[in-house]
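Here are my notes on this one, jotted down as I went through it. Keep the viewer open and follow along point by point.

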Amino acid sequence: MILSQFLVLGALLFSIGVYGLLSRRNAVTVLLAVELMLAAVNINLIAFEAFWNTAAAHGQIFAIFVITIAAAEVGIGLAIILLVFRNRASGNIDQLDLMRW
Amino acid sequence: MVSVAASAPLILAAGDGAADLSSGGFFAATAWIMLVLPFAAFLAIILVGKRMKGLGAELAIGAMGVNLVWASVLFVQNMAGGIYREVNLTIAEIGTLGITDRNLSFELGFVVDGLSIMMYWVVAFVGFLVFVYAHGYMKGDIRVPWFFASLSLFAGSMLVLVGAPNLIQLIIGWEGVGLASYLLIGHYWEEKENSDAAVKAFLTNKVADVGLILGTILLVPALGTFRFSALSTAADAHSDLLGGVAVAGALLLFFGAMGKSAQFPLHVWLPDAMAGPTPVSALMHAATMVTAGIYLMARTFPLYQQMATEARPWMVTIAVITLFVLGFLALVADDLKRVLAYSTVSQLGYMMAAMAAGGYTAGLFHLFTHAFFKALLFLGAGSVIHAVHSNNMSDMGGLRKEMPVTFWTFVVGSLSLAGVIPLAGFWSKDEILATLGHEGYTAFMWVAILGAFVTAFYMTRAVALTFFGTYKGHGHPHESPRVMTAPLVALAVPSVIAGLLNVPGVSWGPIHNFTDWVGARIVPMGDYHPKAIEWDLAAYGLIAALAGIALGWRLFAPDAGTQQARDRLRIPVLYPLLHNKYYIDDLYMKGVVNPIKGPLARAVDWVNGYVIDAAINGAGAITAWLGGLVYRRLDQQGIDLVLNAAAGGTRGAGKRLGLVQTGKVQQYAGAFVVGALLLVVAFVLVT
């Protein structure tokens with residue numbers, strides 16, 4: 001088992017996520033990109049866990065935490081997007097600059 | 001700290017008739033209530049008097065009524081057998097003050113003995129009647145609650161004074177009555193004349209009070225205590241405790257008494273004090289307050305009798321000058337109240353002469369009878385003044401038909417004052433004459449008999465000008481309401497019969513006589529009181545009185561037309577002298593008051609204006625200049641500069657940094673990613 005292959009996969013996946021986060025204008029797509037980044041992190045956690053093969057299974061536990069939080073985040077995120085869409089008839093993230101000074 | 005010590009009754013009483021003193025019962029033990037109640041009334045009237053139906057008069061009268069019950073019970077108990085009880089409450093330990101070898105302590109308390117019971121009763125009885133009278137007299141006045149509050153303050157202070165077992169408490173009461181006197185003389189302070197009279201009374205008394213306080217300071221260190229009982233026992237034992245200070249201390253105390261009891265030459269305040277409402281004159285400036293000096297002499301009598309005998313001739317001289325010389329002034333006064341005021345001064349001279357000559361009982365007996373008939377005369381005068389709205393006898397005349405009750409009671413009072421047998425004044429004056437004669441002051445005794453002639457003369461003139469002849473005032477006078485005439489009648493009764501209480505040598509069965517009543521003391525007095533009537537002396541006194549009445553009647557009574565003309569008769573030299581009050585007032589004004597008011601006051605004013613104020617203004621100006629300097633240079637140009645710069649910098653930075661906040665989420669995220677990458681690069685480079 002080669003650790004570097006998994007790390008490369010995770011890095012690629014994370015980079016795709018970052019690109020999506022920064023380049024996309026659709027709020028749903030941005031949310032998907034965030035999910036990709038979280039998935040990349042999960043791959044890293046599992047890979048390290050499997051590589052060092054610890055008895056405590058820290059990596060797996062943290063991966064489950066991350067999945068849980070990702071689910072919650074998507075739930076809240078989608079709800080916000082839905083409300084914004086209802087108010088503005090648009091999912092374009094560029095126009096959401098209300099929080100500015 | 002607080003300890004109550006009730007002294008056991010010590011031995012007995014006056015000269016003869018030795019009887020054991022009891023400590024009295026419930027009423028003697030609770031006599032302090034009399035001292036406290038008027039003060040409670042004073043506070044209550046000030047707080048709620050305005051909202052009451054009688055404007056606080058009912059509180060004052062009620063308190064006085066309770067006092068009268070207490071005093072009357074004690075009075076009757078003391079008739080049956082002497083009472084002595086002294087209660088002292090230690091308020092504070094003063095220590096030795098480095099002037100005496102005994103620890104002094106400040107005590108308050110009360111003493112119940114023959115002397116104080118007599119005074120309690122006189123104050124309560126006359127006070128109660130005057131309060132009732134004042135309720136009618138002051139109806140519609142501008143400051144009724146304040147008037148009754150001040151009267152209650154006076155009554156309380158007077159009772160504290162006469163109940164005092166020590167000099168300190170006596171001085172407290174002494175100053176309290178002085179204050180009340182000042183307040184009540186100046187009751188109508190809107191008129192300058194009245195407030196001037198109040199100030200005059202207060203300042204004259206203050207001059208005398210210096211004597212009282214100096215006397216206390218002189219006597220107390222030698223004595224080692226403020227208590228009168230210690231003074232009495234020391235004097236009785238012929239102790240040389242006081243040594244050389246006895247005479248000086250006694251004279252200083254006498255000087256204090258001269259002020260309160262209006263003795264020559266400190267009498268000037270009393271006639272002017274008539275500016276106060278008439279009930280005030282009756283209660284304070286005739287019956288009670290002015291007798292405080294006599295009371296002080298009686299309380300410290302053993303000092304004069306045993307230790308300071310050298311002081312007595314001087315005191316008798318002053319008292320006789322007072323009784324004779326000042327009585328003449330009543331002859332020329334047109335103001336009815338002033339006639340009575342000079343009469344009061346003269347009668348106080350009689351009392352003081354008796355006290356100083358050694359007649360403890362005679363002086364107190366005259367105080368006792370005088371309180372009734374002089375209060376009666378003042379209240380009668382007030383009734384007349386109430387009816388004719390003028391104090392001047394030139395506005396009166398012929399009032400005997402319109403005001404029968406006032407007329408008859410006034411005549412009774414006048415005859416009693418003149419000393420016509422068998423009215424009260426005859427007996428008490430006779431006893432004074434007898435005392436003066438017995439103690440060897442024969443010349444003074446004849447002067448006092450002549451004084452009785454003058455007394456009868458001016459009282460006849462007052463009665464004739466007020467009640468006989470034709471009415472010269474305005475409007476139609478009519479008799480005063482019953483609330484005012486009832487006290488007149490109530491006072492006329494003792495004015496007639498009180499003299500019988502002390503007919504020399506007569507003891508009225510179980511109630512004994514006045515001599516025994518006031519003889520209930522901690523030590524025997526060793527005073528003189530006649531054992532039998534001296535008929536020849538009584539005859540001289542009576543002849544003098546009748547001659548005075550006859551002369552007065554011949555001059556002023558008969559025909560209405562010439563009455564006024566005779567009153568305005570100006571005898572050269574004598575009339576101006578009397579009319580100007582022997583120039584004593586002028587002497588004080590020109591010799592004492594004006595130099596103080598004029599140059600001295602101006603000098604003080606100059607110092608105040610140009611020295612003290614200059615210093616203060618200078619300091620103020622320097623401070624203001626310094627403050628301006630600090631403001632302009634340091635505050636505006638120093639501190640504010642720094643603060644403004646800091647504020648400006650913050651604002652500019654905020655403006656520029658604000659541009660970064662675009663509100664665009666993806667820009668933030670980009671910045672975050674760039675930052676994270678920079679951290680990674682840095683991490684890699686470091687490791």
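1. At what angle do helix α1 of chain A and helix α26 of chain B pack, and how far apart are their axes? This is a predicted model, so read what follows with that in mind. Helix α1 (residues 3-23) of chain A packs against helix α26 (residues 665-686) of chain B at about 145°, and their axes are 8 Å apart. On the chain A side, V18(A), L21(A) and L22(A) make the contact; on the chain B side, Q666(B), A669(B), G670(B) and V673(B) meet them. Sorted by class, this contact of α1(A) with α26(B) has five nonpolar residues, two polar ones and no charged ones.

2. Now the interface as a whole. Chain A puts 11 residues in contact with 10 residues of chain B. The side of chain A that touches chain B has eight nonpolar and three charged residues, with no polar ones. Compare that with the helix pair in point 1, where no charged residues turn up.

3. Chain A by itself is easy to summarise: three helices and zero strands, running α-α-α along the sequence. Its C-alpha trace spans about 50 × 25 × 25 Å along the principal axes. The radius of gyration is 17 Å, where a compact globule of 101 residues would have one near 13 Å. Just 15% of those 101 residues count as buried. Of the contacts in chain A with a separation of 6 or more, 50% come from residues 24 or more positions apart.

4. Chain B has 26 helices and three strands. Its radius of gyration is 35 Å, well over the 26 Å that the globule rule gives for 687 residues, so chain B is more spread out than a compact globule. The box filled by its C-alpha atoms, taken along the principal axes, is roughly 140 × 65 × 50 Å. Even so, buried residues make up 51% of the chain. Take the contacts in chain B between residues at least 6 apart in sequence: 81% of them join residues at least 24 apart.

5. For helix packing within chain B, have a look at α3 (residues 57-80) and α4 (residues 114-137). Their axes come within 8 Å and cross at roughly 150°, so α3(B) and α4(B) are roughly antiparallel to each other. The crossing is left-handed. The list of residues that meet here includes A60(B), M64(B), L68(B), A71(B) and F75(B) from α3(B), with I117(B), W121(B), F125(B), F128(B) and V132(B) among those from α4(B). The contact divides into 16 nonpolar and seven polar residues, with no charged ones.

6. Further along chain B there is another pair worth a look. Helix α17 (residues 404-418) and helix α19 (residues 442-467) pack at about 170°, with their axes 9 Å apart. That makes α17(B) roughly antiparallel to α19(B), and this crossing, too, is left-handed. From α17(B), the residues involved are F407(B), F410(B), V411(B), S414(B), L417(B) and A418(B); they meet T455(B), A456(B), M459(B), V463(B) and F467(B) in α19(B). By class, that comes to nine nonpolar residues, two polar and no charged.

7. Is L159(B) buried or exposed? L159(B) has 32 other C-beta atoms within 10 Å, and 20 or more is enough to count as buried, so buried it is. L159(B) belongs to helix α5 (residues 144-162) of chain B. Setting aside neighbours within four places in sequence, L159(B) is in contact with M34(B), L35(B), P38(B), Y120(B) and V123(B). Y120(B) also appears in the α3(B)–α4(B) contact of point 5, on the α4(B) side. As for G609(B), which is 450 residues away along the chain, its C-alpha atom is separated from that of L159(B) by 45 Å.

8. Last, a small one: helix α8 (residues 228-236) of chain B. Which of its residues are buried? They are F228(B), S229(B), L231(B), S232(B), A234(B) and A235(B). After α8(B) comes H238(B), and its phi is positive, near 55°.

Key. Residues are numbered from 1 along each chain as its sequence is written. Chains are lettered from A and ligands numbered from 1 in the order in which they are written. This is a predicted model: local features need pLDDT of at least 70, side-chain atom pairs count only at pLDDT 80 or more; totals for chains, interfaces and linings use all residues. Axes are lines fitted to C-alpha atoms, for helices over the stretch in contact, and angles run from 0 to 180 degrees between N-to-C directions. Helices (H or I, at least four residues) and strands (E, at least two) are DSSP runs, numbered from the N terminus. Angles under 35 degrees count as roughly parallel, over 145 as roughly antiparallel, 65 to 115 as roughly perpendicular and the rest as oblique. A crossing is left-handed if the near helix is turned anticlockwise from the far one by less than a right angle, and right-handed if clockwise. Two residues are in contact if their C-beta atoms, placed from the backbone, lie within 7 Å. Ala, Val, Leu, Ile, Met, Phe, Trp, Tyr, Cys and Pro count as nonpolar, Asp, Glu, Lys and Arg as charged, and the others, Gly among them, as polar. The radius of gyration is taken over C-alpha atoms; the globule rule is 2.2 Å times the number of residues to the power 0.38. A residue is buried if 20 or more other C-beta atoms lie within 10 Å of its own, exposed if 12 or fewer, and partly exposed in between; C-beta atoms are placed from the backbone.
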